Amino acid sequence: MGKKQTSPAYVLGVGMTKFIKPRGKVDYHEMGFEAGVKAMLDAQITYDDVEQGVACYVYGDSTCGQRVFYQFGLTKIPIYNVNNNCSTGSSGLALARTMVSNGAADCVLVVGFEKMSPGSLQSYFNDRENPTGLFGMMMAETRGVTNAPGAAQMFGNAGREYMEKYGAKGEDFAEIARVNHEHSKRNPYSQFQDEYSLEQILKAPMIHEPLTKLQCCPTSDGAAAAVVVSQAFLDARPHLKERAILIAGQTMATDDVSVYDRSAIDLMGFQMTRHATRTAAEEAGVNVKDIKVCELHDCFSANEMITIDALELSEPGKAHEMVRKGDITYGGKMVINPSGGLISKGHPLGATGIAQCSELVWHLRGWANNRLIKGTSSALQHNLGLGGAVVVTIYKRADGKEATPVSSEEIARITGLGYNPAVEARGFTAEQAKSVLTYAYMMDLDITTASNEELIDFCIQRGKEGAVFADVIGAIVVKVSPTIAVKWGYSVTAAEAAMQEFAYKNVDHEIVRVPRVYRFVQDELGREFLFMDYAPGQKLSDLDLSIHIDIIPRITNIIAHLGQIKHGQRPGPIGERGPQGYLWGDDGVDKAFVSVAHLNRYLNRRLSLRNDSIDLSPYPLVLCHMDFVRRNMILGEDRKSIYLLDWAHAGFYPRFYELAALPCMSPYDEPYEKPLIAAVESMMQLSDNEKRDLKLV
């Protein structure tokens, strides 16, 4: 048994996304950002108040949490990544409470998110021992194995044992599902909000007796977040005490020896749930039978049945009688899973436990006014993970009073959101999102009005704080907000800014994305600062071209597109500075060319050394980037868009200038350079005169 918590911890803010089918439409970091911003808005804090972060997910690479949290700010705080199977979200909450109650932090942000695959749960590491392998062996030895999904077999077998021991019927399990589906109609965040009759549930396809399809939770994408704070943090903000919810009792536990006693019920964590319930209730000073509202882990109706018993909400072996009496829904003894539970709300593993917390917080505040249970002064949460772990939490209002309904109009007013988040699954404005980001990430609020000195000082400070993410010759690139980057240094020029701005305004962004230019400023030392859109994604230089075989054709298409964009008869970049880059020597050209004739004279002075000459006047001048190295291109996070960066060498030249520059830039990138040159040559179909002049250039 763990040590008692030394000081109170409160849930001050919650937020979540709508749970959706796992179809890959929204990425995990986007869902995590939405939930985290909502929780901070609800708690009326900014990310600068957050001292530690906890990220909860099961399916994803290491440090996905940092990918989510870095969107809020880069503040050097510790970020913990938690994976504890289906109890991951509550495990993160337990970790946050431990930190706060033991003085490690006054404010912790917990964000749970999951991007799942359609269908039943799968193991992705088949070259090593499965952590639930012994569970499977025990099941096989006692109940046999079928073709049904493994989790459905395990929990279904527990249901069968409950039927054999205590007389429960198939209809009892179906009634649990019927109730949860009916509850989901009032929860705007539920993946499904359809009501079914008992007959429809019984006649749904059988998965593993007694479980039909409508008694099994779906896989889901979604996120939820919570802000956990200390007594001292809350005391400093007395105006927020009415919305703070006390974590009055909480126990995280693992299995005891009973898990392998050949009981299908015990195999599903019955005893660890009972232990966690008793210790949490003792800490909270409550009798669980007096609690009016409970969110429990109904991954299958069978698990809700055995959990009602394990939580001691019913007399031993009488959970099915509680179901038959209607004592798990409105008008009965208590309401279990007013959210619709996992069965109907959905089950994005890392988010589930925090979504349960959100639901109960809304009840205790009186915000869930379309599904509130009269007499609610405490609430019970149960979140289970096979393998195994369970977290049982009891929440109370900080003032000890019963929850009374608060009107949605009043909630909209006091939150500033303009709506009641407990009954409407809506988003937030850009301004609201910016209001909770770290101060350093609010810079883009006034980028158009801030003085040059303010912007320059800010960029330099961000560089010192480690926000540099690219280092080029004579310049660095610093991310100063989630959407703004700054390239600054002695090699940055007004011509580069002008060319990038021209490209942004004239290219087809369905073919190629160019970051928008916001400001261009210079300091007294001669360093220049180019403020532009941040381009999120992966550098093309990090991609394996043998896998991403579409990259060469796409870049060829981009070059062809630029070759259609004309701009008068003045060659070179926009502005008073001459061309820079591979074709112009180490120092480039000092002054701008004023005409094609001027450019001809420049070239012919050099070609006279070999008794040759060139005339570029027959050719139209088109937009040329002149630096198609892979590091200057980003594959967007949508895996479709390509961003073209670094317009320092760009200008207006005959189209074959782009081809002339290609062999100069990537002598050590043979898998890219040679196929690209061949593709561009094939695309351009140069005339004989163009081929001759290409060689001269």
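1. A polar contact here is a pair of N or O atoms within 3.5 Å; within protein, one must be able to donate a hydrogen and the other to accept it. Keep that cut-off in mind for T415, and bear in mind that this is a predicted model.

2. T415 sits in helix 15, which covers residues 408-415. Its side chain reaches the backbone nitrogen of L417 at 3.2 Å. A polar atom of that T415 side chain also lies 3.5 Å from the backbone oxygen of A412. With a relative accessible area of 14%, T415 is buried.

3. Now the packing. The largest nonpolar core has 55 residues, and the members touching the most others are I555, L562, L616, L623, F628, W647 and Y657. Both domain 2 (443-533) and domain 3 (537-696) give residues to this core, so it lies between them. In soluble globular proteins, nonpolar side chains tend to be buried together.

4. For a closer look at one of those members, try L616. Leaving out residues up to four places away in sequence, L616 touches V596, L599, N600, L603, P654, F656 and Y657. Another core, of 53 residues, lies apart from the one that holds L616; A158, V288, L313 and I336 are among its residues.

5. What about disulfides, how many does the structure hold? Zero. C64 is in none, and the nearest cysteine sulfur, in C56, is 12 Å away. C64 counts as buried, at 7% relative accessibility.

6. C357 has its closest cysteine sulfur in C56 as well, 11 Å away, and that is too far for a bond because a disulfide needs the two sulfur atoms within 2.5 Å. C357 counts as buried too, at 0% relative accessibility.

Technical notes: Residues are numbered from 1 along each chain as its sequence is written. This is a predicted model: local features need pLDDT of at least 70, side-chain atom pairs count only at pLDDT 80 or more; totals for chains, interfaces and linings use all residues. Side-chain values use heavy atoms; hydrogens and water are left out. A nonpolar core is a set of buried Ala, Val, Leu, Ile, Met, Phe, Trp, Tyr and Cys residues joined through side-chain atoms within 4.5 Å. Buried means under 20% relative accessible area, exposed over 50%, partly exposed in between (1.4 Å probe, protein chains only). Domain bounds come from an automatic or database domain assignment. Contact means heavy atoms within 4.5 Å. Helices (H or I, at least four residues) and strands (E, at least two) are DSSP runs, numbered from the N terminus.
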